Amino acid sequence: MTRNPVERALMARGVDSALARKLREEKWTLAKLQLQRPEKLLELGFTESVVPKILGKSRPPIPPDVLIKTLYDNRWVCCVCRDAERPVVVHHIKSWAESRDHSPANLAVLCSIHHGEAHSTHALELTLTADRLKAEKAVWEQDVSRLDPLAIFKATQLMSCQWWYFNHLRVFEIAEHVGVEITQLKGFQGALRNGACDDEGYLCSSEGLVYVGQARSLSLYRYMSNMLKAAIEHTCVRNISDDLDRGTLDILVTPGDLVFVQGSYHFADMPPDGSGADMVRGRRSVNKVEITFVFDRNEGTSGSARSEWLLGVRSLGCLLRANKLERDLKGTLHIEATVLAIRSAHEELKTRMYEIGLYQSGLIGHEVEDEELEDFDPDYDEDDGRIDDSLYS
Ligand SMILES: [Zn+2]
Ligand SMILES: [Zn+2]
């Protein structure tokens, strides 16, 4: 993945991702390259069409925010073959000379092979027409927007990960808003039977702890995890765990967006406000990006969630809605968020390994029955039942 500014500057000028990385590793900068003679640039591996772009003699570079968004929306992968191994180049669907159009709609991420095809001069053999490119790009970008939510749930099921917290009201609101049939959800009948919700699916209000009583807790957990899953299947969630870089985040995330961030969080108790709530401030701070949110620990899904996982410093995954993004005078980007759910960490989500692993193996990308939840371990809530950290690290 290319988050380095030198690589981005080169890609904005038509250089493919592999060459951009190689030159950056060789300590080249755009300024140094621009001092070179064209022959030297060809020697370094630039193609003849790219040389004038580097030297600033043909078109202006693609603006950084458009470049970043286009690459992210396509996962740095060619929209035609989707082969994650191949270097990519950002291509103008309608050529710059013709269109003077740097907008995302006119840009496609292509591997070198398909880029070659798109530029093929054998008009009769031209299979990668502008229309076909647009269609491939639309389908791939749609698929990409589905990858993160699927992976978050797939990982939950595969690794017997646990949701430690739900923001019950907000999850319900989002589910309703996106048209989820609440009373058709798996787990609804059980939750209703155990008095956890009413016949319209609304949570029965309770003072203090939300998860009390084993049968009620289990049915509520199942109901809520299915509700959350259904809700985010209809929305776009971006896993930004490995993109906590203030240079790209404020381009990628706008207020109202749902994001998933896995990493180390610090939880600090807030003074009691007299309402009986157990308010906590959650905070993650890394690379001059600070994410903060406030939640009620009483909504933790179990005793161990409340007494262990939502205390102190923990490695967890949080599903958040970004409310406000603000950069302070020192350059730190502050993201004020609402937390929708908190779960145990899963290494694959941190580094997006599922791109090349789960996704390519076909494990992600189709519906999986929630058998794992049926096997939900009722003993996990026992007070002496210490959770094995190695399972979740
Ligand atoms: Zn390709
Ligand atoms: Zn091109």
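W76 is partly exposed, because 16 other C-beta atoms lie within 10 Å of its own. In this predicted model, W76 sits in the loop between α6 and β1. Its backbone is a little unusual to look at: W76 is not a glycine, yet its phi is positive, at about 60°. The residue R75, which follows α6, has a positive phi as well, near 55°.

A few other places have a positive phi too. K27 belongs to the loop between α2 (17-25) and α3 (30-34), and although K27 is not a glycine, its phi is about 70°. K27 counts as exposed, because it has 8 C-beta neighbours inside 10 Å. Further along, G179 comes just after α10 and has a positive phi of about 90°. Here they are side by side.

| Residue | Where it is found | Phi |
|---|---|---|
| K27 | loop between α2 (17-25) and α3 (30-34) | about 70° |
| R75 | following α6 | near 55° |
| W76 | loop between α6 and β1 | about 60° |
| G179 | just after α10 | about 90° |

**The wider picture**

Now let us step back to the whole chain. The protein contains 17 helices and nine strands. Of its 393 residues, 39% count as buried. Which contacts hold distant parts of the sequence together? Among contacts between residues at least 6 apart in sequence, 66% join residues at least 24 apart.

How confident is the prediction? The average pLDDT is 82, and 82% of the residues score at least 70. Over residues 353-393, however, the pLDDT is below 50, and this stretch has 54 contacts in the model beyond near neighbours in sequence.

**Helix α6 and the strands after it**

Back at the loop that holds W76, we can look at the elements on either side. Helix α6 covers residues 64-73, and its buried residues include L67, I68, T70 and L71. These residues lie on the same side of α6, because they cover an arc of only 165° around the axis. A general rule helps here: an α-helix has 3.6 residues a turn, so residues three or four places apart point the same way.

On the other side of the loop comes β1. Five of the five residues of β1 are buried, so the strand is largely enclosed by the rest of the structure. Its two faces are both covered, with V88, V90 and H92 buried on one side and V89 and H91 on the other. In a regular strand, side chains alternate between the two faces of the sheet.

V88 is a good residue to follow within strand β1. V88 counts as buried because it has 27 C-beta neighbours inside 10 Å. Setting aside neighbours within four places in sequence, its contacts are D16, S17, W76, V77, C78, V109, L110 and C111. With D16 the sequence gap is 72 residues, yet the C-alpha atoms of V88 and D16 are separated by 5.2 Å.

The partner of β1 (residues 88-92) is β2, and the two strands pair in the antiparallel sense over five bridges. Within this pairing, H91 stands opposite A108, while H92 stands opposite L107. Strand β2 (residues 107-111) is mostly covered too, with five of its five residues buried. On one side of β2 the buried residues are L107, V109 and C111, and on the other they are A108 and L110.

**The nonpolar core and helix α10**

L110 leads us on to the largest nonpolar core, which has 97 residues; L110, V171, M227 and L320 touch the most other members. Helix α12 (residues 214-233) supplies the largest share of this core, ten residues. At least three core residues come from each of domain 1 (5-128) and domain 2 (145-393). As a general point, nonpolar side chains tend to be buried together in soluble globular proteins.

What does M227 touch? Leaving aside neighbours within four places in sequence, M227 is in contact with V171, F172, A175, V180, I182 and L185.

Among those partners, V171, F172 and A175 are buried residues of helix α10 (residues 168-177), along with H168 and I174. The buried residues of α10 line one face of the helix, because they fall within an arc of 165° seen down its axis. The face turned away from that buried side carries the exposed residues L169 and H177. Among the elements that cover the buried residues of α10 are β3 (163-166), α12 and β9 (333-344).

Definitions and conventions:
Residues are numbered from 1 along each chain as its sequence is written. Chains are lettered from A and ligands numbered from 1 in the order in which they are written. This is a predicted model: local features need pLDDT of at least 70, side-chain atom pairs count only at pLDDT 80 or more; totals for chains, interfaces and linings use all residues. A nonpolar core is a set of buried Ala, Val, Leu, Ile, Met, Phe, Trp, Tyr and Cys residues joined through C-beta atoms within 7 Å. A residue is buried if 20 or more other C-beta atoms lie within 10 Å of its own, exposed if 12 or fewer, and partly exposed in between; C-beta atoms are placed from the backbone. Helices (H or I, at least four residues) and strands (E, at least two) are DSSP runs, numbered from the N terminus. Domain bounds come from an automatic or database domain assignment. Two residues are in contact if their C-beta atoms, placed from the backbone, lie within 7 Å. The arc is that of the directions from the helix axis to the C-beta atoms. Two strands pair if DSSP finds at least two bridges between them. pLDDT is the predictor's confidence in each residue, from 0 to 100.
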